[in-house]
Amino acid sequence: MGLLNKRTILLAVVLFFVSIQLFSNKLERNKMRDPLSEVVLTITYYPQMFVNYVTGEAVGVWNRYAALYKVNNENEMLRMEINKLKEEKHYLLEAKLQNSRLKQLLELKSNTSYPVVAANVIGGSPSSMRNEVVIIDKGKNEGVEVGMPVAINNGIVGRVLLAGDKSSEVMLITDPISSIDAYVLRNRARGIVKGGGEGCVMEYIESLSDVEVGDQIISSGKDGFYPKGVTVGKVTEVISDGGLVKALLEPLVNLNSLEEVVVILKSNSIVLNE
Amino acid sequence: MSNFYKLTFLLFVTFLFITLQTTVTSPKYLGSYYPDLNLILITYVSINFNFGFGLFITLLNGYLMDLFSGYLLGSFLVSRLVIFFVVSGSTRKFYFKSNYSKGSALFCVTIISWLLIWIISNLKPNEIIYFSVLDILKQSFVNIAVGLFLFRMLDYINERISQ
C-alpha cells in the first residue's frame, strides 16, 4: 500500500484545493499583481531582445543581399540599354546631319545650270607640307574631268587636279597655286583670289573700289574653270598694296571638315565676252 | 625567286603605307603628330636592301608623295632620293642594328627631309610651305616611336620571305 497510504492521499487533496483556490482568485481579481511573474518577465526581456535583434539583422542582411543582387542585375541591364540607346542616338544624329548636308547639296544641284555629281571625301594629303588637297570617290567613270570645279552649297571648294577612273584629287581654293577670277558681289570690283594656306587673298583690286570687311566674293566665270556667281568667301581684312588693294578672305566653307562635295560637270572653256 | 617576293613585299608595303598616310594617319586628321610612314619605309629600305631595290622603292615612294600632295612632281622625289643616298651611304660607316642607332637615323632623316623640302620650295616659284621647327621636332619623335615598331615588323616579315 505505498501509493495509497493515508499521508500521500491527504497531501494530494490539500494541494488540489490550494490550486483551485489560486485559480479562482485569479479569475475574480484579474488585476491582481503577480510579483513573481513580473520578475520573470523582466528577467527574460533582455535575452529575448538580443535574440530578436540578432535574428532581425541576419534576416535583414539576407534580404538586402537578395535585393541588391536583383538591383545589380537590373542595373547592368539598364546600363547596357543606355549604352545601346546612346549609340543609336549618335547614329541618328549623324544621319540627321548628313541628311541636312545632302539636302543642301540637292539645293545646289537644282540651282546650277550644269549637271553635278555628289562625292564623298575619302582621303587627304599625306604631307603637312602641302595639305590643301583632298581625295574624292568619283572619277572619270562618273564623268569627272581635270579642271572641273568642286563645291558645296555654301560655295566653291576647289577644282579637280587629277582624275582617275574611280577617284579624283581635288585642289582646294586655299592651295597657293589656286586662283579664281572673282568679283565683289556688292560693287562688282574685280580681282584674283589666290590660296594662302589657311585662307585666301584677293589681289589686284583697284584702290578706288570700295571693298569693305564683310563683302561677299563671287566667281566671275571668266577664268573658264568656275561657273559664274558661285560664292568664294567673305572679306575679313582689307590691306593697301601700293596702288592696289588686297583683301583677305575667309572661305564660307570649312575646308578642314569636308565630308560630302559636289563636282560641277562643267568642261573647261575660257569665256572672252559675257 | 626570293628577290621577286622581296620586291612584291616592298611594293605591297609601299601602297599600304601611302593608303594609310592619305587616310587614317593623314595630317588632316592627326595634325603635326602624324607619322611619316613613307619616310620610315625609305629609311628601312636604305638600311636593309641593296642599292637597286632601294633606289626603285625610293623613286616610287617619292613619286607617290608628290602625286598625292598636289600633283607637283619634284619636292618629295628629290628629297627622298637624297635621303636614300645619305642613309645607304652611311651603312658603310654605321651599323644600324640597335634601337638607338635606328632611332637616331629616323630623327636625322626627318630633319634632313624637311630641310631639303624647305630648300626646294624656296627654289620653286609659288610654292609656299607652312611648318614650324616645333612641328618638325614633334614629327621626329613620332617617327622614332612608330618607326622602331615598324622596323621590327618589317624585319620579321623580311626574314620570313628570305628563308
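1. Polar contacts across A and B: the count is four residue pairs, both partners at pLDDT 80 or more. A polar contact here is a pair of N or O atoms within 3.5 Å; within protein, one must be able to donate a hydrogen and the other to accept it, and residues adjacent in sequence count only if both atoms are side-chain atoms. Keep in mind that this is a predicted model, where local features need pLDDT of at least 70, side-chain atom pairs count only at pLDDT 80 or more, and totals for chains, interfaces and linings use all residues. Residues are numbered from 1 along each chain as its sequence is written, chains are lettered from A in the order in which they are written, and side-chain values use heavy atoms, with hydrogens and water left out.

2. As for salt bridges (a side-chain nitrogen of Lys or Arg within 4 Å of a carboxyl oxygen of Asp or Glu), the rule finds zero between chain A and chain B.

3. On extent, chain A puts 22 residues in contact (heavy atoms within 4.5 Å) with 23 residues of chain B. The two chains bury about 2,000 Å² between them, 61% of it on carbon and sulfur atoms; that is accessible area (1.4 Å probe) lost on being put together, summed over both. On the chain A side, Pro126(A), Met129(A) and Arg130(A) lose the most area to chain B, together 35% of what that side buries.

4. Within chain B, the axes of helix H3 (residues 37-48) and helix H4 (residues 51-68) come within 9 Å and cross at roughly 170 degrees. So H3(B) is roughly antiparallel to H4(B) (over 145 degrees).

Methods: Axes fitted to C-alpha atoms, helices over the stretch in contact; angles between N-to-C directions. Helix = DSSP H or I, 4+ residues; strand = E, 2+ residues; numbered from the N terminus. Parallel < 35°, antiparallel > 145°, perpendicular 65-115°, else oblique.
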